[in-house]
Structures are given as C-alpha cells and as structure tokens.
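Colleague: I'd like to learn how to read helices and pockets in a model like this one. Could you walk me through it?

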Amino acid sequence: MSDPYVKLDILNEVGYIEFFHPAHNSLPGDVLAKLAQTITEAGDNDAIKVIVLKSGGDRTFCAGASFKELININDAATGKVFFSGFANVINAMRKCPKFIIGRIQGKTVGGGVGLAASTDYCMATKFAAIKLSELNIGIGPFVVGPAIERKMGLSAMSQIAIDANSFYPAEWAKQKGLFTQVYESTEDLDNAVKTTAEHLCTYNTEAMLEMKKVFWKGTDDWDELLAIRAQTSGRLVLSDFTKEKLKGFK
C-alpha cells in the first residue's frame, strides 16, 4: 500500500498537482489541508502559468472525504472542521489566479465531484462516472453543492443529490457542463490535458487572470457560505440517523 501524498511537479510552465490516498483517493483532513496549501502556493509561483489537478491511481479520481475520520466525529466543532476540508480546497481553487484544468481519470464521489466542479476546465475519461452519495448517510452535499450548482445548474445538482444511490456516466456529466471533453482512455486524456495546458501557457497571463475573475463572479461570499455549510454537515453527522448508518461502515 502506498502512503498518501500531495505533490507538485512543474513541466513546461504547467504545474501538475497530484493527490493520492490508498483508500480510493478518499481524503482525510491532513491531505485536504496540504492540497489547499499546494494550490495556493502554485497560484503564487511565477514559474507556473497553468495548473493541472489530478490524482494518482487508475480507477478512482476521488471517493470524497475519509469515512474513517467521519465515523469518529463526536462533536459539532470537530464536524465543522472535518467538513471544512473540502471547503478550503474549493476556496483555494476559486481564489487561485491561474486556470486550473481538471484531469478526471475515473469515478468520483461526493467531495470529488466538488473538486471537479471547481476546476476551470475539466477533462475526463469515459470511466469518470459521478455520484453524490451524502444523502444516503443522513447528510447532504452542502459544502460542495455551490460549486456543483455553479458548473452544472441547480436542476442537475438536485438530481444527483436526491438520487444518491446512482452513478451518472461521464457523458451525462459532459452534457450538464461538468466535463468539457470525454476520452476513450487515460492515455488519450493525458495527451489532451498536456496539449491544452501547454497551449494555454502561450496566452497572456493577465488576460487569463481577468477571465478567471469573470468565471467566478458572484462567489465572493463563499468563505462565509461554505463555512456555514460545513457547520450544517457537522451538526447532521451527529444525528441518531447518521450515527446508525455509519455503524455499517465500521
């Protein structure tokens, strides 16, 4: 089993940020904190013009938050801190002054869908089915909801939030605006991501910064909004319903 990591590699002015956790890339708090920090640092690094967000492994882009940590939450304050993990990453992506390209090679669940939705240009393979499973355990996609709604619209976000048992195929996610392109293989995806990112590096960085501001217009309150959403999830995770549901995962 490999150890969890977050790493940044710079190649041809593209900053490749990769995260990994052996549990299907489900992310505990320390990995999420490192991911948010790395995104912020890459945004401030003059050697980087465009960022690519990716994960290690083949089958799963991100399985959401760590269930191991979720099961051990026993008070509202700890719950808020736990659910703030994805909020901090989303806000780091929102505030980053550079375009972030998403490279989604496999299934993505819960918070992982929020990460994909927070990229500025998201590319995937046909294996990148998406799912919002939070309602199954008595909570909801409160923290990632604003990012998903912004990218896919309220109707699509509501559909996958309510239908919490179903994976929706990558082509459906493309039709709803989450993915820009869907490729037959990871190799095809990687070639396209590299070509797109390196081509963007030839553009005016100031123009890309100004475009990013346009893309994220109306989200200035997200520091406060996502903190409130994290507090809601932190309260609900203590409910008798959720505690009973989580017993099945121990």
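Modeller: Happily! Keep in mind that this is a predicted model. Let's begin with the pockets: helix H2 (67-71) and H3 each supply at least two residues to the lining of the largest pocket.

Colleague: Which element gives the largest share of the lining of the largest pocket?

Modeller: That is H3, with 4 residues. The volume of the largest pocket is about 400 Å³. It has 25 lining residues, and the closest to its centre are Ala65, Gly110, Gly111, Glu134 and Ile139. By class, the lining has 15 nonpolar, 9 polar and 1 charged residues.

Colleague: And what lines the second largest pocket?

Modeller: Its lining includes Arg94, Lys95, Lys212, Lys213 and Trp216. H3 and helix H9 (205-215) are the elements that give two or more residues to this lining, and the largest share, 3 residues, comes from H9. Here the classes are 4 nonpolar, 2 polar and 6 charged. The volume is about 180 Å³.

Colleague: Now a helix, please. Where do the buried residues of H10 fall, seen down its axis?

Modeller: First, the general idea: an α-helix has 3.6 residues a turn, so residues three or four places apart point the same way. In this model, the buried residues of H10 are Trp222, Leu226, Ala230, Ser233 and Gly234. Seen down the axis of H10, they fall within an arc of 110°, so they line one face of the helix.

Colleague: What do those buried residues of H10 pack against?

Modeller: Helix H3 (76-95) and helix H5 (145-152). On the face of H10 turned away from the buried side, you'll find the exposed residues Glu224 and Arg235.

Methods
Residues numbered from 1 in each chain as written. Predicted model: local features only at pLDDT ≥ 70, side-chain atom pairs only at ≥ 80, totals over all residues. Heavy atoms only, no water. Buried < 20%, exposed > 50% of the residue type's maximum accessible area, 1.4 Å probe, protein only. Arc of directions from axis to C-beta. Contact = heavy atoms within 4.5 Å. 1 Å grid on protein atoms, 1.4 Å probe; cavity = no way out; pocket = protein on both sides within 12 Å on 5 of 7 lines; lining within 4 Å. Points joined across faces, edges and corners; volume = space filled by probe spheres on them. Nonpolar A, V, L, I, M, F, W, Y, C, P; charged D, E, K, R; others polar.
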